[in-house]
Each structure stands twice: as C-alpha cells, then as structure tokens.
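Subject: Handing over the structure

Dear colleague,

I am passing this structure on to you, and my notes follow below it. Please read them with the model open beside you.

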Amino acid sequence: MESRRGTRYGRTMTRITLRRPDDMHLHLRDGAMLQAVLPESARHFARAIVMPNLVPPVVTGAEAAAYRDRILAALPEGMRFDPLMTLYLTEATDPEDVAAAAASGLVKAVKLYPAGATTNSQSGVRDFDKVRGVLERMAGIGLPLCVHGEVSDPAVDIFDREAVFIDRVLDPIRRATPGLRVVMEHITTREGVDYVRSGSGDLGGTITTHHLVINRNHILAGGIRPHYYCLPVAKRETHRLALRAAAVSGDPRFFLGTDSAPHPDHLKEHACGCAGCFTATNTMSVLAHVFEEEGALDRLEAFTSANGAAFYRLAPNGGTITLEKRGSAAVWPDKITGGAGPVTVFNPGFPVYWHVTT
Ligand code: NCD
Ligand code: ZN
C-alpha cells in the first residue's frame, strides 16, 4: 500500500512514492529520433519493452543486440535505462534463433503484428500457420508473445478490429498453443478487458496512458485532431471507462504499456497522418491524475511498477520515483525537438497538478 509511503494532509494524498516504473510497450525508433525521445522515457522509467517495428524490422537476435547497443549509446551521460528487447515475428522467423536470444537474456518477448495492421507492419504475419513452430517453441520456454490485437481485413470496421481479432485470431492461437504466454497490447475495448480477465496467469494486457484519457470524440468532434490518432484507435466512452476500471483495479493481469509512438509533426499533420501518440514525457503525471480521479492512487504502483515486472518474471526495480500534487499545474514542452523534427507531446486536455519531483 502506497499510503504507507505517501503523505496525507487531512484526507487528500499530495505526495506519493512509487517503485521506479516500467513501460511495457514503447517505441524508441532509431537514429536522430531515438536520440531525441530516449531521455523522455529514461527520466522516469527504469526499463521498457522496446518495440521492434523499425524499418527494416528487428527480426533476429543479432539485430536485437545491435539495436540494444544503439539505444545504450544514445543514452545521455548519467542516465540509467534498461531496454528490454523484442523480436518482430515474421513468417520466416527461426524458432532456434528466438530460443537462443531468449536464453541469453537479451530478448524478453516476440511481437506479432498482423500484416498491414499498423505502422511498419508490412513484414508481419499473414498466414498464422507459418508461425506455429515459433509459437510452440515460445510456449515451451515461457517466452511471451506480445500481440497487436487488430485484424487488418479491410472489410472490418476500424472500431471493431480489436474485438474481431480476439475471436478470429487470438483465441484460436491460444487454444492451439497451450502454455503460450500472451500480452494483449494496448487494449482499447471492453471486449479486450473482458478477454484478458478470462485468462489465468498466462494472459496479460497493457493499457496506454492516452486511452485512459481520450475517447473517439477527442479525435473527431469539433475538428480532426491528428495528435490523438493512434492504433488501435480510441473507441467510444464506454470502452474508455472499462479501461479505467481495469487499470485502477490492481488486477495483476493489467499493466502500463504507454505505446508512446513518436512521429515528426509534419507526418502527423498530413493528408494521410501517421498513427501514434507521444506520451513518454508526461505519462507519470497524467496517470497520477487519472488514478486520483478514480480514488485509486494506492494502486498506481501496481499498474506502473509491479504487475508488468511480475508478468515478465523480472525483479522489481530498486529505485523510486516521487510525485507531488502542487497548487500550480505541471508544465512540459509542447514539443520535443531534435534532428528528426518536432514531436508533439500528448496534451491530456486538462491541467495536471502532479509533478514528478525525483
Ligand atoms: C505505433 C507506431 O507508430 O509505431 N503506432 C501507434 O499508433 N500505436 C505502432 C503500433 O503500436 O501500433
Ligand atoms: Zn505500439
């Protein structure tokens, strides 16, 4: 219970110290963009599950090792951060390479993108029978499969793609591969929440910061707002409320994966804008606001710092992070700048009084 370490004035908690958090779904990119966004995560997070959807994707253990080296080389002096690497599952992935990368401790998960579902998913899986051997090997060694849970069938309405994926793809895969540990990533629907709840220890679900804050009206009502467009796209309000209930429940199956996904502004503010919300900078402050609204500040630590580590069978982080509620709103830059061009920071649309102090 955080109240043990929190400070209460009267009935209101204004200070909370958490175990240093983990971001169990993060896009760091490469090159100049990596350089620009890495400090935004490393400032607050000890570790992150790093997505492999580079161009070209991170497919082999050797590619993951080289990417990890580039991430560590981009880390500013004095900052500590442990990138937890993933492999991008293709129809040609070699089960033995996956097993060796896992055994060495380098790779913590394999990522399944249905081909065509989202940014850089062209090399993803079309025929799920072709990856059966890899999935069975993963089940045997307990290596989790992270799943982008949307069908890419153009006949399926974009707001239904997650629910349809559960029935058409995810549930059949899980039934056909007993013992496979799965993370349903960035769930956006009540159906996703219910499905994760239907699993026992072998199924987890990540929830993003932005999906706890926005629904589809934020994207589409009163003007189109490209910086709120991400995939899976935010759904109607009832789904946001289901996500909130799951996130603040303390249920160990749900944990934070920000899906912070930077794109330069000129590609977001575009006739065919890229999907992705960039939330690394202010995630912890926004989450404290959300959990306080839900009367669940005492469960923030489970969501950000305990449940995900437990699912991935990692030791909890040693350090702490402290958030303080102040009279003035927290400020952060509107945009992160760097060689890759400006990246707009997620605007929750309300003032946030929780400041990360240490
Ligand atoms: C991600 C990206 O930009 O890489 N975009 C997004 O909208 N979340 C890809 C993804 O996780 O779907
Ligand atoms: Zn993502």
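The side chains of Thr208 and His210 are joined by a polar contact of 3.4 Å, where a polar contact is a pair of N or O atoms within 3.5 Å, of which, within protein, one must be able to donate a hydrogen and the other to accept it, residues adjacent in sequence counting only if both atoms are side-chain atoms. The side chain of Thr208 also makes a polar contact of 2.8 Å with the side chain of His211. Thr208 is placed in the loop between S9 and helix H7 (216–220), helices (H or I, at least four residues) and strands (E, at least two) being DSSP runs numbered from the N terminus. With a relative accessible area of 0%, Thr208 is buried; buried means under 20% relative accessible area, exposed over 50%, and partly exposed in between, with a 1.4 Å probe and protein chains only. Neighbours within four places in sequence aside, Thr208 is in contact (heavy atoms within 4.5 Å) with His186, Gly257, Thr258 and Asp259.

Before going further, please note that this is a predicted model, in which local features need pLDDT of at least 70 and side-chain atom pairs count only at pLDDT 80 or more, while totals for chains, interfaces and linings use all residues. Residues are numbered from 1 along each chain as its sequence is written, chains are lettered from A and ligands numbered from 1 in the order in which they are written, and side-chain values use heavy atoms, with hydrogens and water left out.

His186, one of the contacts of Thr208, is found in the loop between strand S8 (182–184) and helix H6 (190–198). His186 has a positive phi of about 35 degrees although it is not a glycine, and at 1% relative accessibility it counts as buried.

Asp259, another of those contacts, leads to the metal site. The protein donors of the zinc ion (ligand 2) are His25 (NE2), His27 (NE2) and Asp259 (OD), lying 2.0 Å from it; donors are N, O and S atoms within 2.8 Å of the metal (3.2 Å for Na, K and Ca), and since water is not among the atoms, sites may look incomplete. His25 in strand S3 and Asp259 in the loop between S10 and helix H9 (265–268) are 234 residues apart, so that the pair links distant parts of the chain. Both His25 and Asp259 are buried. The four donor atoms around the zinc ion (ligand 2) subtend angles of 92 to 140 degrees, which makes the arrangement irregular; four donors count as tetrahedral if all angles lie between 85 and 135 degrees, four count as square planar and six as octahedral if opposite donors are over 155 degrees apart and all others between 65 and 115, and anything else is irregular.

Next comes the sheet. Eight strands form an open sheet with parallel pairing, in the order S3-S4-S5-S6-S7-S8-S9-S10, two strands being paired if DSSP finds at least two bridges between them. Strand S3 (22–26) and strand S10 (254–256) stand at the edges with a single partner strand each, so one side of each is left without a neighbour in the sheet. On average, and with direction ignored, neighbouring strands of this sheet are turned by 30 degrees against each other; axes are lines fitted to C-alpha atoms, for helices over the stretch in contact, and angles run from 0 to 180 degrees between N-to-C directions. Helix H2 (residues 61–74) packs on the sheet, touching strand S4 (47–50), strand S5 (82–88) and strand S6 (107–112), and its direction makes about 150 degrees with that of S5.

At one edge, S3 and S4 pair in the parallel sense over three bridges, with Asp23 opposite Ala48 in S4. At the other edge, three bridges join strand S9 (residues 203–207) to S10, and the bridge partner of Gly205 in S10 is Phe254.

Helix H10 (residues 283–293) has nine of its eleven residues buried, so it is largely enclosed by the rest of the structure. The cover over those buried residues includes strand S2 (12–19), helix H8 (237–248), S10, H11, S11 and strand S14 (354–356).

Finally, two peptide bonds deserve a look: those from Val55 to Pro56 and from Leu231 to Pro232 are cis, each with omega near -5 degrees.

With kind regards
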